[in-house]
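Hi,

Here is the structure I promised to pass on. Have a look at it first, and then read my notes below.

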Amino acid sequence: MRSLQHILVVIEPRQLRQPALERALAIAQIAGRERVKILALMPVFETAWDLSSLVDTEEKEEARKAIMAKHQKWLDGFLRINAMDYSVESCVIWTKEIGKEITARARESCADVIIKTGDAHGFLDSVLFTPLDWQLLRHAPVPVVIAKDHLWQPTGVIAVAIDLSDPEDVDLRRLNIRLLREAQELAFITRCEIHLVNAIPPVLPPATIDLPGFTPDLISEEAVKEACRNVLSFAARHRIPPEHCHIREGQPDQVIPALCQSLNPTMLFIGTSARKGLAVALVGNICERVADSLDCDVAVITPKAVAERIPYVVEEKR
């Protein structure tokens with residue numbers, strides 16, 4: 001989101017309301033219509049397509065082209081009405097692996113951000129299948145904004161959820177910096193203020209410890225003090241006032257939504273661990289639970305997005 005020159009918007013088929021497109025147009029409006037290009041990408045696929053193995057291949061291809069042409073006509077008409085005077089390119093893609101195709105198009109178009117409308121997810125979604133927006137949150141090479149269905153107006157606050165649990169973790173440090181830089185870019189064009197939010201998971205002391213004068217509260221109190229020092233030090237290095245730092249003890253998927261409810265931010269920036277496989281079913285990704293529980297937009301940055309932004313210097317051969 002550093003330059004906001006190219007935005008990829010995921011269009012939902014057969015939906016008259018497109019919050020993701022609305023958000024892209026609003027951002028383009030405040031960033032400058034003439035410098036922001038929007039790619040409206042509509043993925044389509046007919047589930048019954050796999051069951052039509054008895055149909056002739058040429059007939060199937062003609063039917064596929066007809067379906068895509070129908071969706072393309074609808075999308076072009078929708079954009080003429082709802083994206084007038086904006087630089088918007090439309091594209092309908094036929095794919096079964098929608099998440100992979102969207103991330104590939106994001107690379108091809110040099111997108112600075114992917115915007116998708118948030119979906120409602122059930123408890124078993126991570127076990128039975130992976131919803132599209134969750135796929136993007138885990139694998140996208142650029143920041144992903146989950147747009148909520150509401151009228152978007154900058155409120156004056158942009159929240160950044162930082163993780164300072166391990167100051168020695170280089171990857172975590174890079175992720176925190178990237179989150180802050182992306183948030184600052186949006187804050188610059190929206191004239192919002194940056195606020196840092198941080199959750200301190202409760203420390204569970206060993207049950208067998210038995211020392212004179214020891215109480216379990218000492219461990220928890222010291223952990224909170226250390227976390228506060230880390231957050232305030234991070235804020236000072238990046239010229240963020242202490243009063244813009246919000247620290248609370250508790251689990252991140254509970255603390256962050258509670259803080260956002262009081263701050264009412266325009267957008268929350270949060271990183272993801274991008275867990276895969278069984279780890280997702282048992283533990284889950286915090287950012288996915290946070291995104292589902294918030295009413296504000298959520299911008300998520302994956303480790304892959306951070307790695308692809310790290311500059312590499314190639315030594316010249318002598």
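What follows is a run through the sheet, the helix packing and the aromatic rings.

One thing before you start: this is a predicted model.

Let's begin with the sheet. It is open and has ten strands, in the order β3-β2-β1-β4-β5-β10-β9-β6-β7-β8, and the pairing is mixed. At the edges sit β3 (88-94) and β8 (245-249), each of which pairs on one side only. On average, neighbouring strands here are turned by 20 degrees against each other, if you ignore direction.

If you want a place to zoom in, try β1 and β4. Strand β1 covers residues 6-10 and strand β4 residues 113-117; the two run parallel, and three bridges join them. Look for Val9 in particular, which has Ile115 of β4 opposite.

Now to the helices, and α10 is a good one to start from. This helix (residues 286-293) lies across two strands, β9 (267-271) and β10 (297-301). Its direction is at about 165 degrees to that of β9.

Helix α10 also packs against α8 (residues 252-263), with the axes 9 Å apart and an angle of about 35 degrees between them. That crossing is right-handed. From α8 you'll see Pro252, Asp253, Ile256 and Pro257, which meet Ile286, Arg289, Val290 and Ser293 of α10. Sorted by class, this contact has five nonpolar residues, one polar and two charged.

Then there is α5 against α10. Here the axes are 10 Å apart and the angle is about 135 degrees, so α5 and α10 count as oblique to each other. The crossing of α5 and α10 is right-handed as well. On the α5 side the contact is made by Trp134, Leu137 and Arg138, and on the α10 side by Cys287, Glu288 and Asp292. The residue classes in the contact of α5 with α10 are three nonpolar and three charged, with no polar residue.

Helix α5 (residues 132-139) has another packing partner in α3 (residues 98-108): their axes come within 9 Å and cross at roughly 45 degrees. That angle makes α3 and α5 oblique, therefore, to each other. The handedness of the α3 and α5 crossing is right-handed. The residues that make this contact are Ile98, Gly99, Ile102 and Thr103 from α3, together with Leu132, Gln135, Leu136 and His139 from α5. Between α3 and α5 the contact residues split into four nonpolar and four polar, and no charged residue takes part.

Last item, the aromatics. How many aromatic pairs does a search of the whole structure find? The count is one. The partners are Trp74 and Phe78, whose ring centres are 5.1 Å apart; their planes are at 15 degrees, so the pair is stacked. Both residues belong to helix α2 (residues 57-82), where Trp74 and Phe78 are four residues apart, about one turn of the helix.

That's everything from my side for now. Shout if anything is unclear when you go through it.

Cheers

Key:
Residues are numbered from 1 along each chain as its sequence is written. This is a predicted model: local features need pLDDT of at least 70, side-chain atom pairs count only at pLDDT 80 or more; totals for chains, interfaces and linings use all residues. Side-chain values use heavy atoms; hydrogens and water are left out. Two strands pair if DSSP finds at least two bridges between them. Axes are lines fitted to C-alpha atoms, for helices over the stretch in contact, and angles run from 0 to 180 degrees between N-to-C directions. Contact means heavy atoms within 4.5 Å. Angles under 35 degrees count as roughly parallel, over 145 as roughly antiparallel, 65 to 115 as roughly perpendicular and the rest as oblique. A crossing is left-handed if the near helix is turned anticlockwise from the far one by less than a right angle, and right-handed if clockwise. Ala, Val, Leu, Ile, Met, Phe, Trp, Tyr, Cys and Pro count as nonpolar, Asp, Glu, Lys and Arg as charged, and the others, Gly among them, as polar. Rings of Phe, Tyr and Trp (its six-membered ring) pair if their centres lie within 6.5 Å; planes under 30 degrees apart count as stacked, over 60 as edge-to-face and the rest as tilted.
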